[in-house]
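Student: Could you take one part of this model and walk me through it closely? I'd like the packing in plain words, one piece at a time.

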Amino acid sequence: MPSKQAKSLPLNKIIKSQDFKIKHLSEDALISEADETITPSNVGTELDYLTRFVMLADDHAFDLANIELKRYLDHGLITPVEFMRVINKEEKLGRLTESISEVDDIPNEVFRLALDICAWEVAFRTKKYIKLTVYPDRVIIKHMKVMMKLIEDFFDQFGWPMRDAFIASTKNGYLSGDGDYLLKNTLVDLKASNVTKMQPYWVCQLLLYYTLGFYNNHNKEKIDHLMIYNARTDTVFYIDVADVSLRIC
């Protein structure tokens, strides 16, 4: 979701980042971004979508990417050959991961294919496709596998998602997004940041998902807790909805 949308929430109507409770699931855990060659944003996007596609077996994980890919095709911005090249990568990704049971068994090629596909998901959100020139190397792949295992442990502890990529939107579509994960009664947004403290922008983004996705009854599930999970630091930031709802207009 574009940052300008989350910033549309008036700051005087949201809770403060320091109001979130913190739980460190590992002591002194930190997977550094310093020696990674692709951007932290791309790492985070790919981590999220591989979690959905591989760990949660979500066949619709790349729907947004495909919507943008089809839009480019319909407007003559890519050729049918280029379109099919991406579709073939998605099919190959499925074949490479269909029998995987352990994160460590994921082939390196999966991370390269997934990043190509995720570039179209980024294009959906930003309305601009940027061709990739740098791909995950061994360091990044190692880091992402560690974070995927931490995410797996997080789900084991807090509950596996009942849904992912749920819709949050106003009727006019000005504010919109797709939230990351819905546990039994907890809304979770995944991060992969070296930042160790809860950020104001994360608060805005999380509250946007909640207010547009559930507070306004776009989705019917009952939400009792709002949570950020940062896989780079293996840290959970959380708050009860009861402590938030009265402050939201």
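Tutor: Sure, let's look at the helices in the middle of the chain, then at a few residues in the loops. Bear in mind that this is a predicted model.

First, some context. The protein has seven helices and six strands, and from the N terminus on they come in the order α-β-α-α-α-α-α-β-β-β-α-β-β. Of its 249 residues, 47% are buried. If you take the contacts with a separation of 6 or more, 72% of them join residues 24 or more positions apart.

Let's start with α4, which covers residues 80–97. Its 18 residues span 26 Å from the first C-alpha to the last, close to the 26 Å expected at 1.5 Å a residue. The buried residues here are Phe83, Val86, Ile87, Glu90, Leu93, Gly94 and Thr97. Looking down the axis of α4, you'd find these buried residues within an arc of 110°, so they line one face of the helix. Turn to the face that points away from that buried side and you meet Pro80, Val81 and Arg95, which are exposed. As for what covers the buried residues of α4, the list includes α2 (40–55), α3 and α5.

Leu93 is a good residue to zoom in on. It sits in α4, and its relative accessibility is 0%, so it counts as buried. Leaving out residues up to four places away in sequence, Leu93 touches Phe53, Phe62, Val110, Leu113, Ala114 and Ile117. There's also a pairing to check by C-alpha: Leu93 and Glu109 are 16 residues apart in sequence and 8.4 Å apart in space.

Next comes α3, residues 63–74. This helix has 12 residues and reaches 16 Å from first C-alpha to last, close to the 16 Å expected at 1.5 Å a residue. Buried in α3 are Leu64, Ala65, Glu68, Leu69 and Tyr72. They take up an arc of only 140° around the axis, which puts them on the same side of α3. After α3 comes Gly76, with a positive phi near 70°.

How do α3 and α5 pack? For a pair of packed helices, the description rests on the angle between the axes and the distance between them. The axes of α3 and α5 (residues 108–126) come within 7 Å and cross at roughly 75°. The two helices are therefore roughly perpendicular to each other. On the α3 side, the residues in contact are Leu64, Ala65, Ile67, Glu68, Leu69 and Tyr72, and they meet Ile117, Trp120, Glu121, Ala123 and Phe124 in α5. By type, this contact has nine nonpolar residues, no polar ones and two charged ones. Note the overlap with the buried set: Leu64, Ala65, Glu68, Leu69 and Tyr72 of α3 are buried and also take part in the contact with α5. Ile117 is worth a second look too, since this α5 residue meets α3 and is also touched by Leu93.

α5 has another partner, α6, which runs over residues 138–158. Here the axes are 10 Å apart and the angle is about 90°, and α5 and α6 are therefore roughly perpendicular to each other. The α5 residues involved are Asn108, Phe111 and Arg112, which meet Ile141, Met144, Lys145 and Met148 in α6. This contact divides into four nonpolar residues, one polar and two charged.

Between α5 and α6 there's a loop, and Lys127 is found in it. Its phi is near 65°, a positive value in a residue other than glycine, so keep an eye on Lys127 if you're scanning backbone torsions. Further along, Asp234 is another residue other than glycine with a positive phi, near 50°. Asp234 lies in the loop between β5 (225–230) and β6 (235–240). With a relative accessibility of 4%, Asp234 counts as buried.

One last loop residue is Ile223, located between α7 (200–215) and β5. Ile223 has a relative accessible area of 7% and is buried. Its C-alpha is 9.0 Å from that of Asp240, and the two residues are 17 apart in sequence.

Notes
Residues numbered from 1 in each chain as written. Predicted model: local features only at pLDDT ≥ 70, side-chain atom pairs only at ≥ 80, totals over all residues. Heavy atoms only, no water. Axes fitted to C-alpha atoms, helices over the stretch in contact; angles between N-to-C directions. Helix = DSSP H or I, 4+ residues; strand = E, 2+ residues; numbered from the N terminus. Parallel < 35°, antiparallel > 145°, perpendicular 65-115°, else oblique. Contact = heavy atoms within 4.5 Å. Nonpolar A, V, L, I, M, F, W, Y, C, P; charged D, E, K, R; others polar. Expected span 1.5 Å × (residues − 1). Buried < 20%, exposed > 50% of the residue type's maximum accessible area, 1.4 Å probe, protein only. Arc of directions from axis to C-beta.
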